[in-house]
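Here is a guided walk through one structure. Take the parts in turn and keep the view open as you read.

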2 protein chains.
Amino acid sequence: MLALIGDKWSAQVLVELGDGPRRFTQLERAIEGVSRRMLTLSLRNLERNGLITRTVYPDAPPRVEYATTALVEEIREPLEALGAWARRAGPAIVAARQAYDIRSPN
Amino acid sequence: MLALIGDKWSAQVLVELGDGPRRFTQLERAIEGVSRRMLTLSLRNLERNGLITRTVYPDAPPRVEYATTALVEEIREPLEALGAWARRAGPAIVAARQAYDIRSPN
DNA sequence: CTGCATCCAGCATGATACTG
DNA sequence: CAGTATCATGCTGGATGCAG
């Protein structure tokens, strides 16, 4: 699982594509801090693993759209459960972190 | 979320601790390929984020047990859903990979 | 617009040795 | 048993420039 989307950006790409197909530049702008290089690599990797599709439209200027496959739809629900948990648990995590840092001031 | 357990070993640690508390050496043996150093770092990180507890028993020889916290219990279900999906989707992923590699022989 | 190639720095990780 | 300390290194990923 983590071998598929465990890197820094792939998960975010999947989140963006959750609302529907997106173009390369749209993703680049939506995902704060991603470089063109890393976005390309992530997209290639996701495509290779069958998690997204890449569609080239023969226009000028070039247009490429990325979309999630059925494989990803199957896990949308547990993924969103995890997302909800992350938002809920955020404060507890921060608190735990502060408590730990006070106990071990290194 | 991935910031918490996105590294190479933390997720596996959580899986091992899913069956109950474990000692340092038990984890080291159960998790194939992990070095003492990385196991230590992962455990410290999980502890700092409040996902596991570390209990030292004042015995000779020393004994330390790690266990998951309630925070982790909350996501056991979606996590297992993801695991089940990973096992089911495995073959499809491999197939997609082969198809891709044939299309793009670089 | 959508990439790919190259270069290079920095961090993460493994190996190894040592300790309470 | 359960770590810590130190060193060497390899890969990740950013920056930059080029291209169809």
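A salt bridge is a side-chain nitrogen of Lys or Arg within 4 Å of a carboxyl oxygen of Asp or Glu. This is a predicted model, in which local features need pLDDT of at least 70, side-chain atom pairs count only at pLDDT 80 or more, and totals for chains, interfaces and linings use all residues. Residues are numbered from 1 along each chain as its sequence is written, chains are lettered from A and ligands numbered from 1 in the order in which they are written, and side-chain values use heavy atoms, with hydrogens and water left out.

Start where the two chains meet. Four salt bridges run between chain A and chain B. In one of them, B:Arg88 pairs with A:Glu74, and the closest N and O atoms are 3.3 Å apart. A:Glu74 sits in the loop between α5 (70-73) and α6 of chain A, while B:Arg88 belongs to helix α6 (residues 76-103) of chain B. Helices (H or I, at least four residues) and strands (E, at least two) are DSSP runs, numbered from the N terminus. How open are these partners? Relative accessible area sorts residues into buried (under 20%), exposed (over 50%) and partly exposed (in between), using a 1.4 Å probe and protein chains only. A:Glu74 is partly exposed at 43%. B:Arg88 is exposed at 55%.

Another salt bridge links B:Arg48 and A:Asp101, with closest N and O atoms 2.5 Å apart. B:Arg48 is in helix α4 of chain B and A:Asp101 is in helix α6 of chain A, so this pair joins two chains. Both ends are partly exposed: B:Arg48 has 26% relative accessibility, and A:Asp101 has 36%.

Now take the interface as a whole. Contact means heavy atoms within 4.5 Å. Chain A gives 31 residues to the contact, and chain B gives 31 residues. The two chains bury about 2600 Å² between them, 71% of it on carbon and sulfur atoms. Buried area is the accessible area (1.4 Å probe) that two parts lose on being put together, summed over both. There are also 12 residue pairs in polar contact between the chains, both residues at pLDDT 80 or more. On the side of chain A that touches chain B, the elements giving two or more residues are α1 (2-5), α4 and α6 (76-103) of chain A. Of these, α6(A) gives the most, with 15 residues. By class, that side holds 19 nonpolar, three polar and nine charged residues. Here Ala, Val, Leu, Ile, Met, Phe, Trp, Tyr, Cys and Pro count as nonpolar, Asp, Glu, Lys and Arg as charged, and the others, Gly among them, as polar.

Turn to the DNA. Which residues come closest to DNA strand C? There are 17 residues around this strand, and the closest are A:Thr25, A:Thr40, A:Arg54, A:Tyr66 and B:Arg37. Sugar and phosphate make up 69% of the strand's atoms that come within 4 Å of the protein. A residue is near a strand if one of its heavy atoms lies within 4 Å of it. A polar contact is a pair of N or O atoms within 3.5 Å; within protein, one must be able to donate a hydrogen and the other to accept it, and residues adjacent in sequence count only if both atoms are side-chain atoms. A polar side-chain atom of A:Arg54 lies 2.4 Å from a phosphate oxygen of DNA strand C. For A:Arg44, the distance to a phosphate oxygen is 3.0 Å. A:Arg36 instead places a polar side-chain atom 3.5 Å from a base nitrogen. With four residues, α4(A) gives the most to the surface near DNA strand C.

DNA strand D has 17 residues around it, and A:Met38, B:Thr25, B:Thr40, B:Arg54 and B:Tyr66 come nearest. Sugar or phosphate supplies 65% of its atoms within 4 Å of the protein, and bases supply the rest. B:Arg23 has a polar side-chain atom 3.0 Å from a phosphate oxygen of this strand. The side chain of A:Ser35 has an N or O atom 3.1 Å from a phosphate oxygen. On this surface, α4(B) gives the most, with four residues.

Finish with a peptide bond in each chain. Most peptide bonds are trans. A cis bond joins A:Ala60 and A:Pro61, with omega about 0°. A:Pro61 lies in the loop between β2 (52-57) and β3 of chain A. The bond from B:Ala60 to B:Pro61 is also cis, with omega near 5°.
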